[in-house]
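Colleague: Please take a close look at the aromatic rings of this model and the charge beside them. Then follow the chain outward from there and say how the surrounding elements are arranged.

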Amino acid sequence: AWTAPVETPRGPRVAALLVWGRLREVEVHHVDLAAGYRPADWPEAFSHRLLHEVANDLADRPAAPAMVLRFEGSGRHELSIGDPDGAPAITGPAPELAAWLIGRSTGEALTVTPDGVLPTPPEWI
């Protein structure tokens with residue numbers, strides 16, 4: 001039954017994707033409560049999946065600024081949004097990168113090269 005189509009306000013979805021959507025809402029909005037739960041408390045697998053999802057979403061948006069995301073512990077794995085040539089490289093823990101991209105962090109824990117200036121990602125929806 002996990003492959004069954006389910007009607008949602010955004011159109012039909014496969015039932016299995018609803019579980020991820022609910023988990024994402026709980027984890028992200030738990031941070032929004034300002035009750036001591038931070039992006040650093042997100043499970044590692046959740047942080048990585050959210051980071052990849054948001055980066056892929058932004059890569060499909062023409063208004064997103066170009067950037068290269070490098071998350072700690074990933075070796076040489078990078079996620080690019082836009083043209084990586086000349087784009088700033090933003091490095092930090094996966095939860096901090098994801099939180100910044102979705103507007104749950106100012107990005108103070110991130111490092112930006114070459115100039116130290118974080119681009120402004122579009123609003124995450």
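Modeller: A charge is said to sit over a ring if NZ of Lys or CZ of Arg is within 6 Å of the ring centre and within 35 degrees of the ring normal. By that test, the charged end of Arg 49 sits over the ring of Trp 20, at 4.2 Å from the ring centre. The model is a predicted one, with an average pLDDT of 93 for the protein and 98% of the residues at 70 or above. Mean confidence is lowest in strand β2 (residues 11-14), at 91, and highest in helix α3 (residues 94-101), at 96.

Arg 49 belongs to helix α2. Leaving aside residues up to four places away in sequence, Arg 49 touches Leu 17 and Trp 20. The relative accessible area of Arg 49 is 41%, so this residue counts as partly exposed, because that class lies between the limits of 20% for buried and 50% for exposed.

The ring under this charge also takes part in ring pairing. Aromatic pairs are described by two quantities, the distance of the centres and the angle of the planes. The count comes to two aromatic pairs. One of them joins Trp 20 and Phe 46, with 5.3 Å between the centres and 40° between the planes, a tilted arrangement. Trp 20 lies in helix α1 (residues 15-32) and Phe 46 in helix α2, so this pair ties together parts that are 26 residues apart in sequence. Trp 20 has 10% relative accessibility and therefore counts as buried; Phe 46, at 3%, counts as buried too. The other pair is formed by Trp 42 and Phe 46, again at 5.3 Å centre to centre, but with 70° between the planes, which makes it edge-to-face. Trp 42 is buried, with a relative accessible area of 4%. Through these ring pairs, Trp 20, Trp 42 and Phe 46 are linked into a cluster.

From the cluster, helix α2 (residues 44-59) leads to the sheet: α2 lies across β3 and β4 and runs at about 25° to β4. The sheet is open and has four strands in the order β4-β3-β5-β6, with mixed pairing. β4 (78-81) and β6 (111-113) are the edge strands; each has a single partner strand, so one side of each is left without a neighbour in the sheet. On average, neighbouring strands are turned by 20° against each other, direction ignored.

The partner of β4 is strand β3 (residues 67-71), and the two pair antiparallel over four bridges. Within this pairing, Arg 70 has Glu 78 of β4 as its bridge partner, and Val 68 has Ser 80. The side chains of β4 alternate: Leu 79 and Ile 81 point to one face and are buried, whereas Glu 78 and Ser 80 point to the other and are not.

Helix α3 also lies on this sheet, across β3 and β5 (89-92), and runs at about 145° to β3. Eight of the eight residues of α3 are buried, among them Glu 96 and Trp 100. These buried residues pack against α2, β3 and β5, so that α3 meets the helix that carries Arg 49. The C-alpha atoms of Arg 49 and Ala 94 are 9.4 Å apart in space, while the two residues are 45 apart in sequence. Just after α3, Gly 103 takes a positive phi of about 80°.

One further strand pair remains. Strand β1 (residues 5-8) and β2 run antiparallel and are joined by four bridges. They form a hairpin with two residues between the strands, and Glu 7 stands opposite Pro 12 of β2.

Definitions and conventions. Residues numbered from 1 in each chain as written. Heavy atoms only, no water. pLDDT = per-residue confidence, 0-100. Pairing = 2+ DSSP bridges. Axes fitted to C-alpha atoms, helices over the stretch in contact; angles between N-to-C directions. Contact = heavy atoms within 4.5 Å. Phe/Tyr/Trp six-rings, centres within 6.5 Å; stacked < 30°, edge-to-face > 60°. Buried < 20%, exposed > 50% of the residue type's maximum accessible area, 1.4 Å probe, protein only.
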